[in-house]
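User: I am in my first year and would like a close look at one loop residue and what surrounds it in the fold. Please take me through it step by step.

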Amino acid sequence: MAQALWRGNWIQRSRLVSGLVLFIFAFFHFLNVAAGLVSPELLEAVQEAREAVTKNPVGQVVLYGSLLVHAGLALWQVATRRTLRMSFTQWLQLSLGILIPLQLFQHIVHTNYAARVYDYQDEMSSVILMLWSSPEALHQYLLLLAVWIHGCIGLHMWLRLTRWWAAYVPYMIGLAVLVPALALAGLVTEGRRMWGFFAEDGFAAQIMADYNWPDAAGFAQLATINSASVCVFFALLGLACGAYILRRLIKRSRSVRITYENGPAITADRGLTLLEMSQMKGIPHPSLCGGKGRCTTCRVAITDGVEDLPPPSPAEARSLAAINAADNMRLACQIRPTSALSVKRVYAPQGRRQLHAAQGEEKTIAVLFLDIRGFTARSAGLLPYDVVFLLNRFFDAIVPEVTRAGGTVDKYMGDGMLALFETHTPDSSAAAGLTAAANIGAALARFNQLLSSEGEAPVRIGMGLHVGTVVLGEIGAAGQAPRTLIGAAVNAASRLEAKTKDLGVELLVSRAVFEAAELPPPDIGYETFALRGVDAPVDALPLPRASSLDTMVATLRPPARS
């Protein structure tokens, strides 16, 4: 797989670099033709500057090498495509890519080849004049336009995922229209000027001699070479299409047919899991764990062909045993059909929400529970509006410390809250949880000083901080399903918070938090707690004041590497 990925990246980079070279050439070619709108002298000066690059040996190797690489990889892409289903933009780009060589060969033969073989003076004015009296002038302009549109589409497809490109798209569209429009104006202006000289008596022969135009036999030979080039291209294109058809036939002979009850029948490649087959063919198939075998939402009943499947793996067997599944029940994310199957999805998707496998996502994160101690007794003597006012002031004081550390408040529970620290890695999540807990302790001290100045009693809190693997997903009826989390880590953090009341401390931090943050744990101070609903005892460090955690973490943090 790594080799296939590297090969795919190499092909993509080669197509990109060769395409950029050709696009830059087309851009300056358009500017060269557009210079005819100003004056013949500018037209000639721009051509000389352009050919200083394109006609020296290095420039020609880069230009023609890019042409061969880009065209070759395009044919390779046709031969190796898995499907012909493409968007309109992709079809347009592919069609233009096929049409370009038909005109490009003629352009190369009548300019570069003719200049080398017949010493034809391929100045831009001469080329325009040669094309002006026939439909070839329009054909060659359409060639450049096809190259330009093909390149613009490729450029947009490359840059559209960057953050800055969207802001410049309107300006780029204007530039994309302006450049070929100016080139067309320059072509018409210079063509009419040169034809005016050519049509005068006595000037035609002189112009043809000055530019050393080929005679009739020379033009016939150029036409023959052009036809041969087109034939070679069509032969290569035919080989690419033949290779595509052959690959499809071979793949079909190695494929497997899956029939869904109350659904379609599909043909997919062997070696894929049944879930992957469903996803590739656009068939709705629930899988909340994302195909990791950690849930049973993708399970299917095999109505025909179960005897051809290998026995379940230990992981699949455990999941099936947990739900007392029947013998013909299997997990779609674990089985790899090698022969025809008829299956029934146990959970048929209903509504758009169930079509997304990513609605159940596993993460290892820090979880913080917080509760105000004795708030029920305290609020008994307050008016309802005063209760709300006090709670909002309290949360205004401490919640910014959560968000500042990189966390979010998942939910408020009356006089408490649940905070999550969803960062890129478990160690950064644990570090964020420790920082938030310490800063909440400091913010609480400041808040209590304010309450004291107002003649109010201080607020006491309890917090539990733990790290573990949780499942985040949308739980509830379709259209009314908030994102929440489930897992033993959530229960453990909640139970640690409850234990702070018995111990009379502000914070309990599990040993797992220090280990996840890659900090050496304190030598003393841990206590072991048997928490209700948690399978194994949890070692945790009780802290009378959460703010002391900041100093403790600073002393435990290993020195930075030089």
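Analyst: In this predicted model, N324 is exposed, with a relative accessible area of 70%, which is over the 50% that the word "exposed" requires. N324 lies in the loop that runs between helix α11 (314–322) and strand β4. The backbone at N324 also deserves attention, since its phi is near 55 degrees, a positive value in a residue other than glycine. As background, most residues other than glycine have a negative phi.

The strand on the far side of that loop, β4, belongs to an open sheet of five strands, whose order is β2-β1-β5-β3-β4 and whose pairing is mixed. Because β2 (265–269) and β4 (329–331) each have a single partner strand, they stand at the edges of the sheet, and one side of each is left without a neighbour there. From one strand to the next, the twist averages 40 degrees. In general, the strands of a sheet are held in pairs by backbone hydrogen bonds, either parallel or antiparallel. Here, β1 (residues 255–260) and β2 pair in the antiparallel sense over five bridges, and within this part of the sheet R257 has T267 of β2 as its bridge partner.

The cysteines can be considered next. C333 is buried, because its relative accessibility of 7% falls under the 20% cut-off, whereas C152 is partly exposed, with a relative accessible area of 23%. The structure holds zero disulfides. For C333, the nearest cysteine sulfur is that of C298, 3.8 Å away, and since a disulfide needs the two sulfur atoms within 2.5 Å, C333 is in none.

Helix α9 (residues 216–253) allows a simple check of its length: its 38 residues, at 1.5 Å a residue, should span 56 Å, and because its end C-alpha atoms are 55 Å apart, the two values agree. The buried residues of α9 include L222, N226, V230, F233 and L237. As a general point, an α-helix has 3.6 residues a turn, so residues three or four places apart point the same way.

A last stop is D371, which is found in strand β6 (residues 360–373). The side chain of D371 makes a polar contact with the side chain of R373, at 3.1 Å. When its neighbours within four places in sequence are left aside, D371 is in contact with D415, G416, R460, I461, G462 and E497.

How values were computed
Residues numbered from 1 in each chain as written. Predicted model: local features only at pLDDT ≥ 70, side-chain atom pairs only at ≥ 80, totals over all residues. Heavy atoms only, no water. Pairing = 2+ DSSP bridges. Helix = DSSP H or I, 4+ residues; strand = E, 2+ residues; numbered from the N terminus. Axes fitted to C-alpha atoms, helices over the stretch in contact; angles between N-to-C directions. Polar contact = N/O pair within 3.5 Å; in protein donor to acceptor, adjacent residues only side chain to side chain. Contact = heavy atoms within 4.5 Å. Expected span 1.5 Å × (residues − 1). Buried < 20%, exposed > 50% of the residue type's maximum accessible area, 1.4 Å probe, protein only.
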